[in-house]
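Dear colleague,

Please find below the structure that I am handing over to you. My notes on its aromatic pairs, its nonpolar cores and one helix contact follow it.

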Amino acid sequence: MIGRLRGTLVSKRGEVVCLEVGGVGYDVTMTPRSLATLPGIGEEVVIHTHTHVREDELSLFGFVSEPDRDLFKILLGAAGVGPKLALAMTATLSHDEIIRAIVTEDSDALTAVPGVGKRGAQRIVLELAPKLTGKDAEIVGSPATVTVRQALEGLGYSTEEINGVMPELDPGATIELQITTALRALGRR
């Protein structure tokens with residue numbers, strides 16, 4: 001399988017980049033977040049890839065770092081999660097947010113991803129939590145995120161409203177400060 005490509009960036013078309021390696025052009029699908037970090041056309045770049053093989057298709061999905069690619073592969077391990085949905089998850093939530101949501105069993109955070117409903121998010125958490133428990137413990141930290149989410153739900157805010165403000169919160173802050181920050185952000189909307 002193709003796990004990494006180093007070559008010249010030839011073009012960017014939507015979510016697909018063409019990378020020339022040894023005279024061969026490889027089309028690689030990436031998230032907008034990853035695309036934004038790439039250098040300009042004609043520059044050398046390294047892309048960590050996942051090769052997805054189906055009977056009628058061979059696709060490359062690219063990431064700027066190995067941990068992002070490895071998380072993508074873990075996401076593919078959940079029933080009902082194909083490469084398009086896993087890519088949407090990594091496009092919507094950061095690496096740390098996905099791991100934190102799964103390990104703390106915060107399925108509501110995953111519903112921010114287009115195509116992931118409440119049941120799908122719960123299934124993803126149920127299937128992937130055992131694979132991630134103990135990994136990336138520094139990312140997970142305390143269950144403050146879940147507590148903040150529960151407090152905001154208790155005040156009557158919807159999942160969509162809560163998902164909109166969660167990225168604005170400082171995970172290192174106290175729970176009280178996170179709730180206050182979230183309430184201020186929700187008040188501005």
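There are two aromatic pairs, counted where rings of Phe, Tyr and Trp (its six-membered ring) have centres within 6.5 Å; planes under 30 degrees apart are called stacked, over 60 edge-to-face and the rest tilted. F61 and F72 make a tilted pair, with 5.6 Å from centre to centre and 35° between the planes. Because F61 belongs to strand 5 and F72 to helix 2, this pair ties together parts that are 11 residues apart in sequence. (Helices, H or I of at least four residues, and strands, E of at least two, are DSSP runs numbered from the N terminus.) The pair of F63 and F72 is also tilted, because the ring centres are 4.9 Å apart and the planes stand at 50°. Ring pairs thus join F61, F63 and F72 in a cluster.

Please note that this is a predicted model, in which local features need pLDDT of at least 70 and side-chain atom pairs count only at pLDDT 80 or more, while totals for chains, interfaces and linings use all residues. Residues are numbered from 1 along each chain as its sequence is written, and side-chain values use heavy atoms, with hydrogens and water left out.

F61 is buried at a relative accessible area of 4%, and F72 is buried at 0%; buried means under 20%, exposed over 50% and partly exposed in between, with a 1.4 Å probe and protein chains only. F63 is buried as well.

The largest nonpolar core (buried Ala, Val, Leu, Ile, Met, Phe, Trp, Tyr and Cys residues joined through side-chain atoms within 4.5 Å) has 26 residues, and L75, I102, L110 and I124 have the most contacts inside it. Among the elements that give two or more residues to this core are strand 5 (57-63), helix 2 (66-75) and helix 4. Helix 6 gives the most, with six residues. A second, separate core of 11 residues includes V17, L19, L35 and L38.

The axes of helix 2 and helix 4 come within 10 Å and cross at roughly 40°; axes are lines fitted to C-alpha atoms, for helices over the stretch in contact, and angles run from 0 to 180 degrees between N-to-C directions. In this contact (heavy atoms within 4.5 Å), P67, D68, L71 and L75 of helix 2 meet H95, I98, I99 and I102 of helix 4.

With kind regards
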